[in-house]
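Visitor: Please show me this structure. I would like to learn what the terms rest on.

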Amino acid sequence: MHKISKLAVLTSGGDAPGMNPCIRSVVRTAIYNKLQVVGIRRGYQGLIEDDMYDMEARSVSNILNLGGTILKTARCLPFRSDEGMEIAYQNLKKHGIDALVVIGGDGTFTGALRFSKKFPDIAVMGVPGTIDNDLYGSTYTLGFDTATNTVIEAIDKIRDTADAHDRLFFVEVMGRDSGAIALRAGISCGAEAILLPEKATAIEDLIKNLKTGSSNKKSSSIVIVAEGDKNGGAYDIAKKVQKEVKSYDVKVTILGHLQRGGSPSAFDRILGSRLGFAAVNALLSGKSQMMVGLEANHIKITGLEEALNQHEFKLEEDLMQMAEILSI
Ligand code: F6P
C-alpha cells in the first residue's frame, strides 16, 4: 500500500473548463489531509523540464470561474519515450513526490498508465478532463457540459441569421472521434440533421432529408457535423449538398477552439470539485493506477487499464433516434 506525503498535480492534453475547479479541489483536499502539494506546469512537459512549484490553499484562490488551466497544459511527445519517463521520474524523486494526480483525456491516461507500470512507487490517479466526453468509467468528463453550452449559444445565433436569409448552415463542432457534443447540441438547437462518427449517414440520405424539409416549408436548416464524421469536414459535405439542393443558399461555420474556452458551468465546477476531492481520497486510501469518474451521480473508481481498453464510448441510441424524429 502506498503511504503518501507529497502529492503533485498536472493538467495535460486539450484544456477543458472545469480543470481549475478540479485543481483547487485537489490542492485543498490534500492540504486538509496534511499533505504537501506541488503544481506541475504544462503537464508531462513540466515534469520532464522540472517546472514545478509548491502550492498552498491561497495558490488556488478565485479560480473556480476561470476557463483553461492555471497550471497550463501541453501535448508532450518526449514523455512517450523511456528516456523522457526516466527524467520525469528522477525529478519526482528529487522533490520527494510520491503521488500524482493527472487531469486529462485518454492520451494523458495512456502516458500515466505506462509511467505508473514502469515506476510503481509513484501512486497515480487520473481525473477525466476533456470536452470530448469519450472516456469509459465516467458518464461525464470535465468540460463537456460547458463546451456543449458554448456550442448551443453559438448555434442559436447562427439560427437567427440562417432564418433571416432562408439559408442552410453546416456547423462543424469538436469532439475528435466522439459525436457527444454534436448530438447534445443538435437536440438542444433543433438541428435538421446531425452527422456523427458513431453513425454513418449517406450524403444521399442527407440530401433527401433536406429536400423534404424544404418542401415542408422549412425556411432555414442547420446541419451539425461532428469533426470525426466519416463524410469529411463540413466544407466538403456542404459542397456536395449545394450541388443537389439548389433551393438553399449554403454557408459553413467551423466553431473551432472557442468551444474549449469560457467560464465553467455549474455542472463542471461541481464535477471538478467532486472528482478532485475523490482523487486525493482514493490516493490516501492506497489506490493507484486508477481514475475517478462519476456514474449515476456516484463516484466510481476504474482501473486505468480498463478505462483505456474499453475506451470506445457509446452514444445513447435513444438520443440519436429521438433527434431524428424531433427534427421532421
Ligand atoms: O480533445 C479535445 C480537443 O478539443 C478535440 O475535440 C479536438 O479534436 C482536439 O482537442 C484539438 O486539439 P488541438 O487543440 O491540439 O488542436
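**Terms and values**

Guide: D50 lies in the loop between α2 (44-49) and β3. Helices (H or I, at least four residues) and strands (E, at least two) are DSSP runs, numbered from the N terminus. This is a predicted model: local features need pLDDT of at least 70, side-chain atom pairs count only at pLDDT 80 or more, and totals for chains, interfaces and linings use all residues. Residues are numbered from 1 along each chain as its sequence is written, and side-chain values use heavy atoms, with hydrogens and water left out.

Visitor: Why does D50 count as partly exposed?

Guide: Buried means under 20% relative accessible area, exposed over 50%, and partly exposed in between (1.4 Å probe, protein chains only). D50 has 26% relative accessibility, so it counts as partly exposed. D50 also has a positive phi of about 60 degrees, although it is not a glycine.

Visitor: What makes Q289 partly exposed?

Guide: The relative accessible area of Q289 is 26%, and therefore the label is partly exposed. Q289 sits in the loop between α9 (266-284) and β10. Its phi is near 55 degrees, a positive value in a residue other than glycine.

Visitor: How do you know that β1 and β4 pair?

Guide: Two strands pair if DSSP finds at least two bridges between them. Five bridges join β1 (residues 6-11) to β4 (residues 99-104), and the two run parallel, so the definition is met. One bridge partner is easy to find: L10 has V102 in β4.

Visitor: What makes β5 and β10 a pair?

Guide: Two bridges join β5 (residues 123-128) to β10 (residues 290-295), again running parallel. At least two are needed, so these strands pair. G126 stands opposite M291 in β10.

Visitor: In which sense do β10 and β11 pair?

Guide: They pair in the antiparallel sense, over six bridges. V292 has I301 in β11 as its bridge partner. β10 and β11 form a hairpin with two residues between them, and A296 in the turn has a positive phi of about 50 degrees.

Visitor: What is the order of the open sheet of seven strands?

Guide: The order is β3-β2-β1-β4-β5-β10-β11, with mixed pairing.

Visitor: Why do β3 and β11 stand at the edges?

Guide: β3 (52-55) and β11 (298-303) each have a single partner strand, so one side of each is left without a neighbour in the sheet.

Visitor: Which strands form the open sheet of four?

Guide: The order is β7-β8-β6-β9, and the pairing is parallel. The edge strands are β7 (193-195) and β9 (249-254), each pairing on one side only. Six bridges join β6 (residues 167-173) to β9. R167 stands opposite D249 in β9.

Visitor: How is the chain divided into domains?

Guide: There is domain 1 (6-143 + 264-309) and domain 2 (144-260). Domain bounds come from an automatic or database domain assignment. The C-alpha centres of the two domains lie 34 Å apart.

Visitor: What is the area buried between domain 1 and domain 2?

Guide: It is about 1,200 Å², of which carbon and sulfur atoms give 49%. Buried area is the accessible area (1.4 Å probe) that two parts lose on being put together, summed over both. D15, I131 and D132 supply 42% of the area that domain 1 buries against domain 2, more than any other three residues.

Visitor: Why is the meeting of the D15 and R260 side chains called a salt bridge?

Guide: A salt bridge is a side-chain nitrogen of Lys or Arg within 4 Å of a carboxyl oxygen of Asp or Glu. For D15 and R260, the N to O distance is 3.1 Å, so the name fits. The count between domain 1 and domain 2 is one salt bridge.
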